[in-house]
Structure formats: C-alpha cells, structure tokens
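Q: Please take me closely through one part of this structure, the pairing of strands into sheets, and then show me what lies around it. I work with computed models, so please state the cut-offs as you go.

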Amino acid sequence: MCGIVGYVGNRPALSIVIDGLRRLEYRGYDSAGVAIIDNGLVKTEKKAGKLANLEKALAERGDDGIGAGATGIGHTRWATHGGPTDRNAHPHLSDDGRVAVIHNGIIENFARLRTELEATGVEFRSDTDTECAAHLLAAEMRALREAGAEDGPALLAEGMRRVANRLEGAFTLLAVDVEVPGAVVAARRNSPLVVGRGNGENFLASDVSAFIEHTREAIELGQDQVVLITPAGIEITGFDGAPATGKEFHVDWDLSAAEKGGYEYFMLKEIAEQPQAIADTLLGRLSERGEIILDEVRLTDQDLRDVDKVFIVACGTSYHAGMVAKYAIEHWVRIPCEVELASEFRYRDPILDRSTLVIVISQSGETMDTLMALRHAKEQKARVLAICNSNGSTIPRESDAVLYTHGGPEIAVASTKAFLTQLVACYLIGLHLAQIRGVMYADEVAAVVEKLRATPDSLRSLLGRMEDVRALGRDLRTASTVLFIGRHVGFPVALEGALKLKELAYMHAEGFAAGELKHGPISLIDEGTPVVCVVPSPAGRGVMRDKVVSNIQEVRARGARTIVIAEEGDEDVRQFADHLITVPQTPTLLAPLMTTVPLQVLACEIAAARGHDVDQPRNLAKSVTVE
Ligand code: F6R
C-alpha cells in the first residue's frame with residue numbers, strides 16, 4: 001500500500017515528485033525517498049519516517065545536491081518486507097548503480113530470486129523484496145545490450161517487461177536508468193497505477209491525487225501492462241510486448257476528493273478497499289508446498305506444537321476479531337482458546353506459562369492496554385504472537401512473533417479494513433497451528449485457503465450493491481436505539497455492528513448473542529425498534545440458522561423492525577425480514593468477512609445522515625496510547 005510518483009518533462013522533477021508524495025502519504029509513512037536523474041547521475045535521498053524527514057534531508061543537501069533534473073521518481077512506504085528503516089526505504093539501486101526502482105506490493109518469489117542473484121555475486125543492501133527488481137532490471141538490460149540492443153527508452157521498457165514476467169505476486173514497479181534520461185518505465189500487476197497526460201510532460205502515480213494539480217487527463221492501466229513515459233509520449237504494452245491501451249478518463253474531482261479516491265469519506269474509501277486488503281494479506285503467505293508462512297516468527301514449530309492453550313487479547317474492534325478467531329481456532333486446532341479484553345487481562349491474574357500462546361491483535365501496534373497485557377504475558381513466560389497492521393510499531397517489536405496484516409494505513413478512526421484483515425490473519429494462524437500440530441491435513445488447509453482466496457471477489461460483488469443499505473441508513477437516522485443479534489461468529493459481528501454505530505452515529509446500539517435476548521434484553525424491544533439480525537448460513541449448520549430464525553420471530557412478535565443479513569439463496573428467511581440484505585455464500589467460519597460489511601456501510605450512512613464527522617468521531621483517537 002505504498003505511494004508512488006514518477007515524472008518526466010521539462011521542469012525540475014523534485015518539487016513535482018515531493019508534492020505528489022505529500023498527496024499520497026495516506027498510503028504509507030514508514031519512509032520516503034526520491035531518485036532524480038541529473039547530469040548523467042542518478043541521485044537519491046531516502047529517509048525512514050514521514051515525508052518531512054525526507055524534506056529535511058533534502059533541504060540540508062541543498063538544491064544542487066539532488067539537482068534540477070527533469071526525470072524523477074518518488075516513494076512513500078508502507079513497510080512489508082523489512083522494517084521501516086533508512087536502508088529499506090525506496091528507491092533501491094541496482095548493483096551497477098544505473099537503475100533506481102520503487103515498488104508497491106509484494107513480490108512473492110523474492111526469496112528465490114534473491115538467492116539466484118546472490119549466486120551471481122550481487123550483494124543486497126536491504127531486506128526488501130523490491131531490491132531484487134532493481135538488480136534484475138539492470139541484469140536484463142545488460143543482457144539485451146550484450147545481444148546488440150542499443151541503450152534508450154525501448155531497451156528500458158523491454159528490460160522491465162522481462163523483469164515483470166519473472167515476478168510473482170502483486171506489484172507496481174517504477175524505474176529510471178541513468179543512461180536513459182527523459183524516460184520512466186512502470187509495470188503493473190494487481191496493484192494500482194495511473195498515468196497523467198500532460199503537455200510536454202507526463203506523470204505516473206498510485207492515484208490521480210498526486211498529479212491533478214498539473215493535469216486532469218489520466219489513463220488507467222490494465223492488468224499486466226508496462227508503460228513507458230517520455231516528455232513526448234506514453235507507450236503501453238502488455239508484459240508480452242504487444243501494444244496495448246489503457247482506459248482514458250478525465251478527472252473532475254477537487255484535490256480533497258481525489259485524496260479520498262472520489263469518496264466522500266476515508267471510511268467509505270477504506271470499506272471499498274477491503275477486497276484488495278484481504279487479497280494483500282493473503283499474498284505471500286503460502287509456500288510452494290502449500291504451507292502457511294508467517295513473518296518474523298521467532299518461535300519454532302516445536303514451540304507451537306507445545307502450546308496447550310491460546311489467549312487472544314485485544315481492544316475494541318480488534319477484540320471482536322479475536323472473538324471470531326476463537327471459533328476458528330477451537331474448531332480447527334482443537335485446543336482451548338480464550339478471548340480477553342486487554343484492559344482486563346492482567347488484573348485478573350490469568351494462568352499463563354511457557355505452553356500458553358497469547359495472540360495480541362492491534363491495528364496500530366501502539367494501544368497501551370494491549371501492550372501492557374503483552375508485557376504481563378511475557379513476564380509470565382507465555383509466548384506472544386502479534387497480529388498488527390503497523391510495521392515496526394511497539395507491539396510487534398516486543399512480541400515473539402508477528403503476522404502483519406497488509407491493510408495499508410487506515411485514516412478513518414473507525415476500523416474497517418483493519419478488522420477484515422485481522423480476521424484473515426487469525427484464520428491463517430489457526431490453519432498454521434492446525435497444520436503443524438497435525439490436526440488438519442495439508443489438503444484440508446488448502447481447501448480453506450481456496451475459500452479465503454475467493455472472498456475478495458465475493459466482497460467486490462457485495463460492495464457493488466450497497467445502495468439499499470445506504471437508503472436504509474438514511475431512513476434509520478432518527479432511531480433512538482438499534483439492536484444487533486447474532487449467534488456463533490455472528491455474535492461478534494453483532495457486537496462490531498453496534499460498536500460502529502455507537503462510535504460514528506452517537507446512537508444507543510447494543511449487540512447480543514441471539515439466544516441471550518430472551519433472558520432480559522428483549523424488554524428493550526418496542527414497536528418499530530430496529531433489530532439487525534445476522535443469520536448463519538443454512539449450509540452445514542442448519543440448526544444454528546434455524547435457532548436464529550426463531551430469535552428473529554421472537555423480536556418480531558414484540559414489534560421489532562427486522563433488518564436481516566442472510567446468505568444468498570436463503571429464501572425462507574425473507575418472510576421474517578422487514579429489510580433483507582443478502583451476502584454471498586461463504587463457509588460459516590469465514591462469514592464475518594461478508595456479514596460485517598453492510599454493518600460498516602450502515603453505520604457510516606446513519607452517521608453522515610445525522611451530520612457527524614464520519615472520519616473523526618468525537619472523543620476518539622486512532623491510536624489509544626493511555627490505559
Ligand atoms: C473501533 C476502533 C477501536 C480499535 C481499538 C484497538 O472502530 O477502531 O475499537 O479497534 O482502539 O485499536 P488497535 O487495533 O489499534 O489496538
């Protein structure tokens with residue numbers, strides 16, 4: 001989820017690239033860097049941390065330091081491979097110093113490529129997957145020259161096509177070559193890239209906000225395409241070299257809308273990004289032998305085999321992800337799993353020892369309650385595994401192992417894509433534990449992973465039909481209370497739906513286990529009280545689904561207005577629903593990846609209809625660093 005900018009034209013590239021990066025900083029701020037081609041040299045500057053650090057370093061260098069060259073690339077990083085340090089910041093240079101490369105995405109086969117390159121004597125200067133691409137590009141161009149090709153933009157484009165054909169995973173790559181001034185080349189697979197068409201100058205960027213100050217004419221690239229920009233033109237080909245075209249469009253958003261990708265709020269944008277965030281979190285997690293690969297695991301397989309109990313500790317939305325994980329872990333791994341609010345964990349003196357695995361979940365990696373729980377677990381000698389979205393933050397640093405979610409920065413205070421990617425991470429950990437403990441066979445794990453891999457497409461189709469949910473949201477803006485009910489994994493989804501509504505719309509909202517309602521809370525139901533009911537799939541767990549349907553009838557009989565979230569094809573449920581929202585069919589344990597999403601949209605819409613600041617609700621902060 002990094003931000004990428006490229007410029008070629010007739011003006012000094014540096015300020016254009018830096019301004020573009022400023023607009024893309026929402027995509028990542030672990031480091032920033034630029035490369036400018038100037039007077040026969042490729043000049044780079046890169047710094048860990050926010051763009052301001054890079055700007056300070058550039059200011060100290062003075063303009064002459066980096067030059068006034070009219071060809072440049074810039075990058076703002078969301079760390080995946082390698083910590084957020086100066087040395088891992090992009091651009092990365094090839095071993096011969098000719099080529100500078102920046103990258104967004106994950107090169108899944110980088111370990112194999114790195115070994116291959118090291119065998120030819122290449123020395124790596126970073127821990128990134130990106131650096132492979134720089135060395136490979138230089139090597140491919142060298143080979144082409146040795147075969148008689150002449151230096152020039154066409155050679156740079158052919159080199160990039162050859163590199164792209166060798167990479168697996170998702171990537172946008174941009175490169176410049178010191179011997180080919182006046183050209184920037186890019187390749188795209190499963191990662192965003194747009195071209196800005198200027199007058200005597202052209203642009204490349206992760207999104208249009210980076211260049212709409214300069215041009216509003218843009219081209220969206222297709223899958224598996226390479227684009228070469230020079231001051232005079234834009235040339236697009238497929239990875240096979242065949243001429244191709246992109247989709248031309250005119251941007252009529254203003255700058256602030258452009259930063260939000262045309263959405264009214266970051267939250268809506270982040271909701272829409274969820275299919276990609278899930279796909280990115282799954283990317284690179286399976287080995288060639290079908291085994292699940294976790295990152296930064298400082299625990300041996302034997303340590304994980306010795307685990308006899310799992311605690312999941314987190315706060316807020318992350319806690320709800322943990323609640324879902326409990327069902328998956330107990331079902332797949334067959335060991336006890338408890339979920340605990342981080343703020344309560346250490347005060348009740350939980351029984352922990354070397355054979356306890358504590359999984360801490362945190363989007364920010366800085367939540368003080370979770371950090372204190374982690375420290376307490378470590379003092380008791382438990383093993384700690386973090387699920388985190390912020391590379392290099394405190395919680396992963398202090399844990400024994402980390403699985404990073406690749407959700408990209410979440411700007412809206414209310415968590416959306418972080419939650420879904422946390423679920424994916426929890427599923428992966430559950431499957432990993434089941435596999436190494438021999439409770440599930442590799443083909444059983446692969447079958448679940450296949451289902452997980454299908455969820456981004458299902459989610460895209462679901463997101464494409466949210467209009468009714470939005471209309472319902474506007475209709476519910478005057479409700480005084482909204483209740484949410486669910487069973488099994490639908491229960492944490494109900495809690496999450498209620499939390500979203502409370503924090504965004506400042507309304508009374510409560511989530512309940514559907515079966516618990518009759519033990520008291522059903523008295524809350526009055527004529528017209530909206531009750532959101534999360535119905536399990538009828539496939540496989542028909543009994544559970546039927547019980548929820550009975551609970552829906554109970555609230556209906558007391559006057560509730562039922563908003564039913566059910567699986568496509570569950571026609572019987574229609575008769576109990578005042579509003580029916582259908583979600584794509586998904587295995588029961590994975591269903592929260594679908595059923596949560598309409599609740600996010602609903603909360604966002606109700607909040608907006610009530611005139612609230614959706615992205616920054618009152619009294620809240622994105623990172624809660626006090627206990
Ligand atoms: C709700 C929300 C919060 C966070 C909680 C934990 O939308 O965002 O409930 O989930 O504060 O934060 P992290 O995950 O950063 O530890």
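**Strand pairing and its surroundings**

A: Let's start with one pair: strand S9 (residues 194-197) and strand S11 (residues 217-220) run antiparallel to each other and share 3 bridges. Two strands count as paired here if DSSP finds at least two bridges between them. The strands themselves are DSSP runs (E, at least two residues), while helices are runs of H or I with at least four residues, and both are numbered from the N terminus. Within this pair, Gly196 sits opposite Ala218 of S11.

A word on the source: this is a predicted model, in which local features need pLDDT of at least 70 and side-chain atom pairs count only at pLDDT 80 or more, while totals for chains, interfaces and linings use all residues. Residues are numbered from 1 along each chain as its sequence is written, and side-chain values use heavy atoms, with hydrogens and water left out.

Zooming out, S9 and S11 belong to an open sheet of 8 strands, ordered S3-S2-S4-S1-S10-S9-S11-S14, with antiparallel pairing. Strand S3 (41-48) and strand S14 (247-250) are the edges; each has a single partner strand, so one side of each has no neighbour in the sheet. From one strand to the next, the twist averages 15°. For such angles, axes are lines fitted to C-alpha atoms (for helices, over the stretch in contact), and values run from 0 to 180 degrees between N-to-C directions.

Two helices lie across strands of this sheet. Helix H1 (residues 13-24) crosses strand S1 (3-8), strand S2 (31-38), strand S4 (71-77) and strand S10 (202-205), at about 155° to S1. Helix H2 (residues 51-61) lies across S2 and S3, running at about 135° to S3. Contact here means heavy atoms within 4.5 Å.

The loops are worth a look too. Between S4 and strand S5 (92-93) lies Pro91, and the peptide bond leading into Pro91 from His90 is cis, with omega near 0°. Asp224, in the loop between S11 and strand S12 (225-229), has a positive phi near 55° although this residue is not glycine. Asp224 counts as partly exposed because its relative accessibility is 26%; the scale is buried under 20% relative accessible area, exposed over 50% and partly exposed in between, with a 1.4 Å probe and protein chains only.

There is also an open sheet of 5 strands, in the order S16-S15-S17-S18-S19, with parallel pairing. S16 and strand S19 (401-404) form its edges, each pairing on one side only, and the twist averages 20° from one strand to the next. Inside it, strand S17 (residues 356-362) and strand S18 (residues 383-388) pair in the parallel sense over 6 bridges, with Ile361 opposite Ile387 in S18. Helix H11 packs on this sheet, touching strand S15 (309-314), S16 and S17, and its direction makes about 175° with that of S16. In the loop between H11 (316-333) and strand S16 (337-341) comes Arg334, with a positive phi near 60°; at 60% relative accessibility, Arg334 counts as exposed.

Finally, a helix pair: helix H15 (residues 417-436) and helix H16 (residues 442-463) pack at about 170°, their axes 10 Å apart. H15 and H16 are therefore roughly antiparallel (angles under 35 degrees are roughly parallel, over 145 roughly antiparallel, 65 to 115 roughly perpendicular, and the rest oblique).
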